[in-house]
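Visitor: Please take a close look at the aromatic ring pairs in this structure, and then at the packing around them.

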Amino acid sequence: MNFTLAPNSKMIHQKLLILQILIASVFCENVFAQAPKFRSPLDIPLLLSANFGEVRTDHFHTGYDIKTNGKTGYKVYAAADGYVSRIKVSAGGFGNVLYLIHPNGYMTVYAHLDRFNEAIAKFVKDQQYAKQSFEIELFPDAQKFAVKKGDMIGISGNSGNSGGPHLHFEIRDASGETFPLNPKDFIEVDDRIPPVLKALYVYPQGNYYNEAAEASGIVQSGGVYKLKSDSIIINHSSIGFGLEAEDKMNESESDLGLYKVEATLDGEIVFSMKLDRLNFLNNRYVNAHIDYKQWKETNTAIQKTFILPGDKNTIYASSENKGIINFKDTLTHRIRISASDASGNVSVLNFKIKYSGKEKKEPAPQKTEVKFSYNHINSFANDSVKLSIPMGVLYEDFYFHYNKTMSAAKFLSPIHSLQNSYTPLHSAADLAILPYPIKSNLKSKAAIVFRNENGKISSKTSQWDGNWITAKIRDLGDYSVMVDTMAPSIIPYGIKQNQLITRDDLRFTVSDNLTGVTNYKAMLDGKWILMAYDAKNDRMIVELDEAISTGEHSLKITVSDQVNNENTFNYKFKK
């Protein structure tokens, strides 16, 4: 066998980053050697709905999602002494979020808040009115909002792209923008339940068609995991493994993912992965670490115990052969795969494996297929589509397949099938499509659209280059061109014209059919008024504070999409 160990505000923000990086050089030499203890940001039992390093779509989760009993409204506290260095309000993403820098060299993040404490909320609202924008990002001076450990800084919520009420909590190193750290070294959680091993997958190597993995069921007996058959015989001389597992903690039914995975062959380590520290710049490499096709199809996280050649993540121990096992004989060999959670609970799978000596032949490529290499620039072009993939965007080599089909009337080009949506891209590729003739007055409304594996259509930010329409894309799959001429809709929620309003706010359902809402504003009696936007619920809310006088009022809401289709809704009410 051949194996070895697997190897204006932007300026203020930039100045802050320089300061933080200087601090980082002092504190991050050995970030875990003297990890301080932080208090829990909540005063309720610390139960997790999501863990650090848990697999998510296009990223590893970078903190703890702390349960709030399915509701909003819990006080959120500073985990340590420090100051508020950054405040952000977004319609999506983290929603309402605070960033605190601590003199011990760390940063903590508190996301999806319902609201900030009174002093921070007033500061944010003043700035929103000054900038006439709901979405805002602020970098207050260190003296503006100094906090002590245990100070109340906000209220837990469900803002942004949150899937339900909880607090997203992160600990980062002093650079603040690059390296999230596993909170396990700072805050203790009660977890005495080891991971559950569910299935083993065997992946043939050197196959440019990404041949489907062979799955083997796992059974547990007396706390020991083994395959349903004592050993497996394979017909490939070069393989890698994948492990399907789940991990839960006491009093929580959520699957919290794995902290550490290690594989040995005949007693020697061939693969090791551990999630102590992540890098935001590398986070999309999660798509190389998992079986991407299985994740897209079934939402099952199968974690590989081998490293794809284009996977540059730093979560792995160095490995000369990247966890890939090359058989040079037909003897029986022993495999041990261990899976650990962050509390040190471990589950182990032991089994035997043997190469049959009968290599399964790889199918010959079709004449129309082109080999794409992970370490080269790759391109494909014909008379109606051009694709260019920069070097480093692919994780492995494969034979690229293209197909063109005639499209329905709503599409203004053929459907161009570029490989498939189960082949991940690490960063953007360039796509250009030659559409059917489009009237000059509609060209500004045209956009490249992507149809995913479930048939859902989404648009890409597009621009014209002569007769071609171009876009940056992050997925392979089906692409075409559509024209968006429909303005966003604005529907009042529970209110009527000329109504006497006794409630504290006015709510509207706002949605767009294709390119998405990009700009919105509200004017009350001719003056700008703050209107919150909850993108995930297609909801806009105008708060009516006590300063609004009694009598008749006129509210004007204007919403536009990415291609500047605009809708205006005028509403008259009494107060």
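Guide: What follows goes from the ring pairs to charges over rings, a polar contact, the nonpolar cores and one sheet.

This is a predicted model, in which local features need pLDDT of at least 70 and side-chain atom pairs count only at pLDDT 80 or more, while totals for chains, interfaces and linings use all residues. Residues are numbered from 1 along each chain as its sequence is written, and side-chain values use heavy atoms, with hydrogens and water left out.

A pair of aromatic rings is described by the distance of the centres and the angle of the planes. Rings of Phe, Tyr and Trp (its six-membered ring) pair if their centres lie within 6.5 Å; planes under 30 degrees apart count as stacked, over 60 as edge-to-face and the rest as tilted. By this rule there are 19 aromatic pairs. One of them joins Tyr-203 and Phe-306, a tilted pair with 5.7 Å between the centres and 55° between the planes. Because Tyr-203 belongs to strand E15 (residues 196–204) and Phe-306 to the loop between strand E22 (302–304) and strand E23 (319–320), this pair ties together parts 103 residues apart in sequence. Strands (E, at least two residues) are DSSP runs, numbered from the N terminus. Buried here means under 20% relative accessible area (1.4 Å probe, protein chains only). Tyr-203 is buried at 7%, and Phe-306 is buried at 3%.

Phe-380 and Phe-400 make another pair, with ring centres 5.3 Å apart and planes at 45°, so this pair is tilted. Phe-380 is in strand E28 (residues 378–381) and Phe-400 in strand E30 (residues 398–400), 20 residues apart. Both Phe-380 and Phe-400 are buried. They belong to one aromatic cluster with Phe-372, Phe-398 and Tyr-402.

Some rings carry a charge over the face, which requires NZ of Lys or CZ of Arg within 6 Å of the ring centre and within 35 degrees of the ring normal. Lys-293 lies over Tyr-422 at 5.0 Å from the ring centre, and the charged end of Lys-443 sits over Trp-464 at 4.3 Å.

Strand E22 also holds Gln-303, which is buried with a relative accessible area of 8%. Its side chain makes a polar contact (a pair of N or O atoms within 3.5 Å; within protein, one must be able to donate a hydrogen and the other to accept it, and residues adjacent in sequence count only if both atoms are side-chain atoms) with the side chain of His-289, at 3.0 Å. Leaving out residues up to four places away in sequence, Gln-303 is in contact (heavy atoms within 4.5 Å) with residues including Phe-241, Leu-258 and Met-273.

A nonpolar core is a set of buried Ala, Val, Leu, Ile, Met, Phe, Trp, Tyr and Cys residues joined through side-chain atoms within 4.5 Å. The largest one has 64 residues, and Ile-87, Leu-98, Leu-506, Phe-508 and Leu-555 have the most contacts inside it. Another core, apart from it, has 40 residues, among them Val-261 and Phe-271. Leu-138, in strand E10 (residues 136–138), is buried at 7%; its C-alpha is 5.1 Å from that of Ile-87, although the two are 51 residues apart in sequence.

Finally, strands E40-E47-E46-E42-E43 form, in that order, an open sheet with mixed pairing. Two strands pair if DSSP finds at least two bridges between them. Strands E42 (residues 517–524) and E46 (residues 552–561) are antiparallel over seven bridges, with Val-517 opposite Asp-561.

Note on methods. Helices (H or I, at least four residues) and strands (E, at least two) are DSSP runs, numbered from the N terminus. Buried means under 20% relative accessible area, exposed over 50%, partly exposed in between (1.4 Å probe, protein chains only).
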